[in-house]
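The following paragraphs offer a guided reading of one protein chain, moving from the whole to selected details. Please keep the sequence and the three-dimensional view at hand while reading.

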Amino acid sequence: TFMTKTKAVYSILVLIAGLLLSFKATGTREQGIEKGDIILTKDNGNEILTEAIEKNKGKYIILNFWSSYNAESRARNIMLSEIAKNDSNNVAMICVSFDKFESVFQETIKSDSLNNTVNILVKDGFDSQTAQKYGINGKFGNFIIDPQGVIIKKNANAEAVESLIKS
């Protein structure tokens with residue numbers, strides 16, 4: 001019957017989607033985290049994020065939480081990445097996405113030209129330990145970390161970031 005066939009097709013699609021979502025990219029962490037890396041996590045991302053921050057100590061770090069489905073956070077991501085690109089000797093950018101789908105995440109990185117940033121996908125999003133650690137509760141934001149590793153500003157716009165970095 002039609003209903004039986006529909007259920008079978010739906011079951012197969014759910015199974016395929018589950019398999020696709022369970023894959024994890026590997027290889028980038030063995031060489032260390034570099035600009036342009038795309039890091040996919042099935043866990044909460046804390047260890048990888050800490051490693052990325054440690055690797056960039058000595059620079060200002062723009063730590064931005066975003067998602068492709070949130071226009072405001074995506075626009076801010078693009079503006080802040082331009083600051084990092086224009087002053088790459090003194091500024092690093094780490095982008096943490098709460099997207100649910102790896103394909104959307106990767107396509108957004110390409111279309112938004114985020115190849116000069118470290119890009120981390122945390123699929124658990126607002127429920128992750130990373131979100132809890134940084135107090136990201138249902139609203140995307142960013143942190144500016146000084147060269148000593150101290151958070152000096154939260155939710156800064158592009159002008160405020162440029163001002164902090166130049167001072």
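Of the 167 residues in the protein chain, 41% count as buried. The model is a predicted one, and every value quoted here is computed from it. The chain exposes about 9,200 Å² of surface, and carbon and sulfur atoms supply 56% of that area. Six helices and six strands make up its secondary structure. Read from the N terminus, these elements follow the order α-β-α-β-α-β-α-β-α-β-β-α. How do contacts relate to distance along the sequence? Among contacts between residues at least 6 apart in sequence, 67% join residues at least 24 apart.

A suitable place to begin the closer inspection is strand 2, which spans residues 60-66. Seven of its seven residues are buried, so this strand is largely enclosed by the rest of the structure. Its side chains point in two opposing directions: Tyr60, Ile62, Asn64 and Trp66 go one way, while Ile61, Leu63 and Phe65 go the other. The residues on both sides are all buried.

Which strands pair with strand 2? One partner is strand 3, residues 91-97, which runs parallel to strand 2 and is joined to it by seven bridges. Within this pairing, Trp66 has Ser97 as its bridge partner, and Phe65 has Val96. The connection between the two strands involves helix 3, residues 71-86; together, strand 2, helix 3 and strand 3 make a right-handed β-α-β unit. Another partner is strand 5, which runs antiparallel to strand 2 and is joined to it by four bridges. Here Leu63 of strand 2 finds its bridge partner in Phe143 of strand 5.

Strand 3 may be examined in a similar manner. Seven of the seven residues of strand 3 are buried, so the rest of the structure largely encloses it. Both of its faces are covered, with Val91, Met93, Cys95 and Ser97 buried on one side and Ala92, Ile94 and Val96 buried on the other. Strand 3 also pairs with strand 4, in the parallel sense and over four bridges. To travel from strand 3 to strand 4, the chain passes through helix 4, and this β-α-β crossover is right-handed. Ser97, already met as the bridge partner of Trp66, has Leu121 as its bridge partner in strand 4.

Attention now turns to the aromatic residues. A pair of aromatic rings is described by the distance of the centres and the angle of the planes. The structure holds nine aromatic pairs. In one of them, the ring centres of Phe65 and Tyr134 are 5.6 Å apart and the planes meet at 45°, so the pair is tilted. This pair links distant parts of the chain, since Phe65 belongs to strand 2 and Tyr134 to helix 5 (residues 129-134), 69 residues apart. Are these two residues buried or exposed? Phe65 is buried, with a relative accessible area of 0%, and Tyr134 is buried as well, at 12%. Both residues belong to one aromatic cluster, which is formed by Phe65, Tyr69, Phe98, Phe126, Tyr134, Phe140 and Phe143.

The loops also deserve attention. Asp146 lies in the loop between strand 5 (142-145) and strand 6 (151-154). Because its relative accessible area is 14%, under the 20% cut-off, Asp146 counts as buried. Leaving aside neighbours within four places in sequence, Asp146 is in contact with Lys59, Tyr60 and Ile152. A polar atom of the Asp146 side chain lies 2.9 Å from the backbone nitrogen of Gln148. Asp146 and Val91 are 55 residues apart in sequence, yet their C-alpha atoms are 9.4 Å apart in space.

Two further loop residues concern the backbone angle phi. Most residues other than glycine have a negative phi. Ser113, although not a glycine, has a positive phi of about 55°. Ser113 is found in the loop between helix 4 (102-111) and strand 4 (118-122), and at 40% relative accessibility it counts as partly exposed. Asn155 is likewise not a glycine and has a positive phi of about 55°. Asn155 sits in the loop between strand 6 and helix 6 (158-166), and its relative accessibility of 47% places it among partly exposed residues.

Technical notes. Residues are numbered from 1 along each chain as its sequence is written. This is a predicted model: local features need pLDDT of at least 70, side-chain atom pairs count only at pLDDT 80 or more; totals for chains, interfaces and linings use all residues. Side-chain values use heavy atoms; hydrogens and water are left out. Buried means under 20% relative accessible area, exposed over 50%, partly exposed in between (1.4 Å probe, protein chains only). Contact means heavy atoms within 4.5 Å. Accessible areas come from the Shrake-Rupley method with a 1.4 Å probe; for residues, only the protein chains shown count as cover. A polar contact is a pair of N or O atoms within 3.5 Å; within protein, one must be able to donate a hydrogen and the other to accept it, and residues adjacent in sequence count only if both atoms are side-chain atoms. Two strands pair if DSSP finds at least two bridges between them. A crossover is right-handed if, with the strands pointing away from the viewer, the path from the first strand over the helix to the second runs clockwise. Rings of Phe, Tyr and Trp (its six-membered ring) pair if their centres lie within 6.5 Å; planes under 30 degrees apart count as stacked, over 60 as edge-to-face and the rest as tilted.
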